[in-house]
Amino acid sequence: MYSVTVRDHMMVAHSFRGEVFGPAQALHGATFVVDATFRRRDLDPDGVVVDIAEAAEILSAVLGGLNHRNLDDDPDFAGVNTTSEYLAGVVAQRVADRIGARDRGLAGLSVTLHESHVAWASFDLEL
């Protein structure tokens, strides 16, 4: 399996519901380093998995819709805890939709949100 990864970042504000989240129940900020890894079984006729510049632009555009926003105010996230795991899934689906992943012969897309140098969460989307 071949893969290409692009990286960007986003800063959001949000809060969580539930005692399990302790002090994170209060509004707080989070800065995520975000990796999107595109996979395919065979290289395309140009010898690539995906155009790196296009992949970077798409990831940037998807994150731009979330960056510097309070996710608690976004109707798309009403009633949802916007955990790192959940956001990784949202970003993966939005990137896949924007790049037309299924039409391009991609086999998968993984998105990882790094909360810090010691903690991160990922979502693997099989296509």
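Four salt bridges are found in this structure, which is a predicted model. Side chains of opposite charge can pair when their charged atoms come close. Three of the pairs are followed here, and then a serine in a loop.

Start with Asp35 and Arg7. Their side chains form a salt bridge, with N and O 2.5 Å apart. The two residues sit on separate strands: Arg7 in E1 (residues 2-14), Asp35 in E2 (residues 28-40). They are 28 residues apart, and the pair links distant parts of the chain. The partners differ in exposure. Asp35 has a relative accessible area of 11%, so this residue is buried, being under the 20% cut-off. Arg7 reaches 56% and therefore counts as exposed, which requires over 50%. The bridge thus joins a buried acid to an exposed base.

Next, Arg104 and Glu54. The closest N and O atoms of this salt bridge lie 2.6 Å apart. Here a loop is tied to a helix: Arg104 belongs to the loop between helix H2 (84-99) and strand E4 (108-114), while Glu54 is in helix H1 (residues 52-64). Again distant parts of the chain are linked, with the two positions 50 residues apart. Arg104 is partly exposed, at 33% relative accessible area. Glu54 is partly exposed as well, at 26%.

The third pair is Asp76 with Arg94. Its closest N and O atoms are 3.3 Å apart, and a salt bridge needs a separation within 4 Å, so the pair qualifies. Asp76 lies in the loop between strand E3 (69-70) and H2; Arg94 lies in helix H2 itself. These residues are 18 apart, and the pair also links distant parts of the chain. Which of the two is exposed, and which partly exposed? Asp76 counts as exposed, at 51% relative accessibility. Arg94, at 27%, counts as partly exposed.

Now turn to Ser15. This residue is located in the loop between E1 and E2, the two strands that carry Arg7 and Asp35. Is Ser15 buried or exposed? Its relative accessible area is 14%, so Ser15 is buried. What does its side chain meet? The side chain of Ser15 makes a polar contact with the side chain of Asp72, at 2.6 Å. Asp72 also appears among the residues that Ser15 touches, once those up to four places away in sequence are set aside. The other residues touched are Ala24, Gln25, Ala26, Leu27, His28 and Asn81. Of these, His28 falls at the start of strand E2 (residues 28-40).

Technical notes: Residues are numbered from 1 along each chain as its sequence is written. This is a predicted model: local features need pLDDT of at least 70, side-chain atom pairs count only at pLDDT 80 or more; totals for chains, interfaces and linings use all residues. Side-chain values use heavy atoms; hydrogens and water are left out. Helices (H or I, at least four residues) and strands (E, at least two) are DSSP runs, numbered from the N terminus. Buried means under 20% relative accessible area, exposed over 50%, partly exposed in between (1.4 Å probe, protein chains only). A polar contact is a pair of N or O atoms within 3.5 Å; within protein, one must be able to donate a hydrogen and the other to accept it, and residues adjacent in sequence count only if both atoms are side-chain atoms. Contact means heavy atoms within 4.5 Å.
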